[in-house]
Amino acid sequence: MSVRLPAAPAAPAAPATVASQPKKRRGRVLSVVAALAVLGGGLAVTGSLAYGAPDHAGHRDAVREGAKDLVREDGFPAALAAVQGRDGRTRDYTAGTGDLATGASVPVNGQVRAGSNTKALTAAVVLQLVGEGKVKLDEPIETYLPGLVHGEGIDGGRITVRNLLQHTSGLPDYVPTLGLDPFEVRDTYYNPRDLVDLALSQKAAFEPGAKWQYSNTNYVLAGLLVEKVTGRPFGEEITDRIIRPLGLEDTYWPGVGERGIRGAHPKGYAAASPGAPLEDITRLDPSQAWAAGQLVTTPRDLNRFFSALLGGEVLDAAELKEMKTTVPVTEGAPAPGTGYGLGLFRTPLSCGVELWGHGGSIHGYETYGGATRDGRAATVATTALSSSVAAEPADMMAAHQHVFDLVDTAVCK
């Protein structure tokens, strides 16, 4: 049984529960929470660097101050970051409290749940199979998973592998069907086929290729594709193809039923409803994310992965070019020019460079980061979702944006 904890300092005052809120406001809250909740992907950062910026004398470390502001202003229990400069050297940052019950410090480069950052690794595995001639990007998913992808307005014969990886499939997202209270499903084990069934019980969102719309269902199917083609468990493939070759020593694929986090880590927190007290949700069955967001990693390891990816260590040139071929992100992107490739966001930063990376949200942890072509990289993680530390939709989005803004500060300053 989980223990109720007081809200983190500076968190907004708790409002009425969702159920008792006026219907119109409740709808707004639910739509924002759904957008930011489990497995949500990274969006673009804005060009504003006022958040955590140094003073006129340049005496403050902008990243350190920004991390502190995520705690004292936005109410995240903790924040941690790793920033890699052009020279390859990394600076680590922590702020807040790693355990609200004991007051323990935040471990430097602690392990966190990666959420949808996992998608970049999943896409890389699929693209390696493309390079090996075992998968074709423009082949229908029906070819590899016959009879599986069908439903109201859904035809696996018209949805390509590229559509899945680029979120242009039109497949509905299964995540909203899990509900908004994370504590109701924290110990539930989901087989990947269960997640697909939840998605396919809904009608298609749009015709394949008609638009871009983020759906975690796409990446569960990508994981099933990998298993079908290789004949091996997905976790084994992502470990043998990505994690071990790159030396990501603090990154691992949780085993079936594994609910804890193995290494040093800050505890993750969630609220049962907007404005409710934060509770420890570190212990969680991540099968609700699987190939869309199950990975455990650290800020340094995410920087290493995205840097290696851009540097040609993960994919051959042809496949990396495909991965970096983007379509416009038409929903939820506050910065113009944001694009999505195959498991990869391209985000214009305020200093004129492009950040190639992803983001991830899974109950207890929110992360965002990536790398640039000139060797810089940054990852920022918090120990709660934005929708858990704020009660009002505008405050949820502001907290979410501040995480992204700090990545911009880290890369550009």
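**Reading strands, a disulfide and two threonines**

Modeller: Start with a hairpin. β13 and β14 form one, with five residues between them. In the turn, G375 has a positive phi of about 100°. Keep in mind that this is a predicted model.

Biologist: In which sense do β13 and β14 pair, and over how many bridges?

Modeller: Antiparallel, over six bridges. β13 covers residues 365–371. To fix the register, take A371, which stands opposite A377 in β14.

Biologist: Which strand is joined to β14 by six bridges besides that hairpin partner, and how does it run?

Modeller: Strand β1, residues 78–84, is joined to β14 by six bridges, and the two run antiparallel. Here the register can be read from A82, whose bridge partner in β14 is T379.

Biologist: How do I read the two faces of a strand?

Modeller: Begin with the general idea. In a regular strand, side chains alternate between the two faces of the sheet. Now the case of β14. A377, T379 and A381 lie on one side, while A378, V380 and T382 lie on the other.

Biologist: Are those faces of β14 covered or open?

Modeller: Both are covered, and the residues named on each side are all buried. Counted along the strand, residues 377–382, six of six are buried.

Biologist: What is the picture for the whole chain?

Modeller: Buried residues make up 59% of its 413 residues. The secondary structure comes to 12 helices and 14 strands. Then look at sequence separation in the contacts. Among contacts with a separation of 6 or more, 71% are between residues 24 or more positions apart. The chain exposes about 15500 Å², and carbon and sulfur atoms supply 50% of that area.

Biologist: How many disulfides does a search of the whole structure find?

Modeller: One. A disulfide is read from the sulfur-sulfur distance, with a cut-off of 2.5 Å. C351 and C412 form this disulfide, with their sulfur atoms 2.1 Å apart.

Biologist: Which parts does the pair C351 and C412 tie together?

Modeller: C351 sits in the loop between β11 (345–348) and β12 (354–362), and C412 is in helix α12 (residues 393–412), so the pair ties together parts 61 residues apart in sequence.

Biologist: Why is the disulfide of C351 and C412 called left-handed?

Modeller: Because the torsion about the S-S bond is about -65°.

Biologist: Are C351 and C412 buried or exposed?

Modeller: Take each in turn. C351 is partly exposed, at 37% relative accessible area. C412 counts as buried, because its relative accessibility is 19% and the cut-off is under 20%.

Biologist: Now a single residue. Where is T122, and what does it touch?

Modeller: Read place, cover and partners, in that order. T122 lies in helix α3, residues 118–131. T122 is buried, with a relative accessible area of 0%. Leaving out residues up to four places away in sequence, T122 touches Y219, A222, G223, F234, I238 and A291. A polar atom of the T122 side chain lies 2.8 Å from the backbone oxygen of A291.

Biologist: Where is T188 found?

Modeller: T188 is in the loop between α5 (161–166) and α6 (192–200). T188 is partly exposed, at 29% relative accessible area.

Biologist: Which residues is T188 in contact with, leaving aside neighbours within four places in sequence?

Modeller: D285 and S287. Check the backbone too. T188 and D285 are 97 residues apart along the chain, yet their C-alpha atoms are separated by 6.4 Å.

Terms used: Residues are numbered from 1 along each chain as its sequence is written. This is a predicted model: local features need pLDDT of at least 70, side-chain atom pairs count only at pLDDT 80 or more; totals for chains, interfaces and linings use all residues. Side-chain values use heavy atoms; hydrogens and water are left out. Helices (H or I, at least four residues) and strands (E, at least two) are DSSP runs, numbered from the N terminus. Buried means under 20% relative accessible area, exposed over 50%, partly exposed in between (1.4 Å probe, protein chains only). Two strands pair if DSSP finds at least two bridges between them. Contact means heavy atoms within 4.5 Å. Accessible areas come from the Shrake-Rupley method with a 1.4 Å probe; for residues, only the protein chains shown count as cover. A polar contact is a pair of N or O atoms within 3.5 Å; within protein, one must be able to donate a hydrogen and the other to accept it, and residues adjacent in sequence count only if both atoms are side-chain atoms.
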